[in-house]
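Visitor: Please take me through one part of this model at close range. I would like to follow a single strand, its neighbours and its surroundings.

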Amino acid sequence: MLRTACRPRYLGLLVVALALVALGIIAGRWQWSVAHDVARAEAVREVQERPVRPVADVIAPHEGFPDDGSGQRISMRGRYAGEPLLVVDRRFEGQPVSWVLDRFVVEETGANLAVVRGYVPAGEDPPSPPGGTLEIVGSLAPPEAPDETGGIDDGELTSVDIAQLVNLWEGDIYNGFVFAVSEDGVTAAPQRVPPPLPDTSLQFRNVMYAVQWWMFAAFAVWMWLKVVRQAARQDEAGEPAREVEEST
């Protein structure tokens with residue numbers, strides 16, 4: 001079979017088959033990427049289409065985080081209290097940054113809600129929050145898992161862990177935090193942190209397109225092997241006949 005495969009004709013077919021394999025792999029990877037992009041775009045559209053809801057309609061102090069709460073935009077009225085904290089070891093567009101985390105006392109309940117007002121470059125001090133009563137809109141997020149590297153050290157922490165904040169801030173607390181989107185009447189604010197997208201699944205249609213392209217690539221290899229195998233069998237069947245003719 002190897003001798004048959006090395007003939008110019010079948011080597012040419014091999015080049016064609018490998019070109020089809022490359023096409024199938026590239027097209028399949030592109031469709032797989034599209035499956036992610038389409039799912040992400042749909043998640044963004046779904047979040048943007050959700051109406052802004054009052055915080056009391058979504059979550060209450062000390063209650064568990066709602067199943068559909070991630071990414072929900074909420075509005076609340078209250079005031080910032082205390083000094084800002086820094087959530088360190090974060091990155092934005094490849095650059096090291098720190099989130100600016102503030103304590104927001106919700107007027108309706110008097111409970112504390114952790115608000116990420118934005119970010120500053122790593123090593124910079126956080127800006128002070130605005131004073132007075134104001135209304136803010138933000139994207140709700142579940143609390144982060146505690147980081148075993150340490151707790152709150154000199155105004156810095158490594159995760160938005162509500163269990164740490166409850167020991168720092170007096171009063172009730174919400175079991176979640178908010179990425180600030182807007183603050184009524186505030187003109188100077190740190191650069192906002194884009195709210196993370198909720199978990200997304202792949203777009204099934206584009207996944208199937210990707211699988212079809214990869215199957216096409218495998219079929220090209222299988223077809224070349226089949227052609228070469230058939231030619232090799234014909235060669236093997238023809239050799240005894242030639243030997244008989246030569247002996248006579």
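**A close look at strand S5**

Guide: Start with Ser139. Beyond the residues up to four places away in sequence, Ser139 touches Gly71, Gln72, Arg73, Phe177, Val178, Phe179, Val181 and Pro195. The model is predicted, so read every value here as computed from that prediction. Ser139 lies in strand S5, which spans residues 133-141. The residue counts as buried because its relative accessibility is 4%, and the cut-off for buried is under 20%. The strand around Ser139 is mostly covered too: 7 of the 9 residues in S5 are buried.

Now look to the strands paired with S5. Strand S2, residues 73-92, runs antiparallel to S5, and 7 bridges join the two. One bridge to pick out is that of Ser75, whose partner in S5 is Val137. Strand S7, residues 173-183, is also antiparallel to S5, with 6 bridges between them. Here Ile136 has Glu183 as its bridge partner in S7.

Stay with Glu183. This residue belongs to S7. Glu183 is buried because its relative accessible area is 6%, again under the 20% limit. The Glu183 side chain has polar partners. A polar contact of 2.5 Å links the side chain of Glu183 to that of Tyr80. Another, at 3.0 Å, links the side chains of Glu183 and Arg192. Tyr80 and Arg192 also appear in the wider contact list of Glu183, along with Arg117, Leu134, Glu135, Ile136 and Ala189; neighbours within four places in sequence are left aside. Ile136, the bridge partner of Glu183, is thus met again as a contact.

For contrast, turn from the buried strand to the surface. A nonpolar patch there is formed by Val16, Leu20, Leu23, Ile25, Trp32, Tyr209, Val211, Trp213, Trp214, Met215 and Phe216. Together these residues have about 930 Å² of accessible area. Helix H2 (8-49) and helix H4 (204-247) each supply at least two residues of the patch. H4 gives the largest share, 6 residues. Take Trp213 as an example from the patch. Trp213 sits in H4. At 31% relative accessibility, Trp213 counts as partly exposed, because that class lies between 20% and 50%. Set that beside Ser139, which is buried at 4%.

Notes. Residues are numbered from 1 along each chain as its sequence is written. This is a predicted model: local features need pLDDT of at least 70, side-chain atom pairs count only at pLDDT 80 or more; totals for chains, interfaces and linings use all residues. Side-chain values use heavy atoms; hydrogens and water are left out. Helices (H or I, at least four residues) and strands (E, at least two) are DSSP runs, numbered from the N terminus. Buried means under 20% relative accessible area, exposed over 50%, partly exposed in between (1.4 Å probe, protein chains only). Contact means heavy atoms within 4.5 Å. Patches are made of residues with over 30% relative accessible area and no salt bridge: like charges are joined within 9 Å, nonpolar side chains (Val, Leu, Ile, Met, Phe, Trp, Tyr) within 5 Å. Accessible areas come from the Shrake-Rupley method with a 1.4 Å probe; for residues, only the protein chains shown count as cover. A salt bridge is a side-chain nitrogen of Lys or Arg within 4 Å of a carboxyl oxygen of Asp or Glu. Two strands pair if DSSP finds at least two bridges between them. A polar contact is a pair of N or O atoms within 3.5 Å; within protein, one must be able to donate a hydrogen and the other to accept it, and residues adjacent in sequence count only if both atoms are side-chain atoms.
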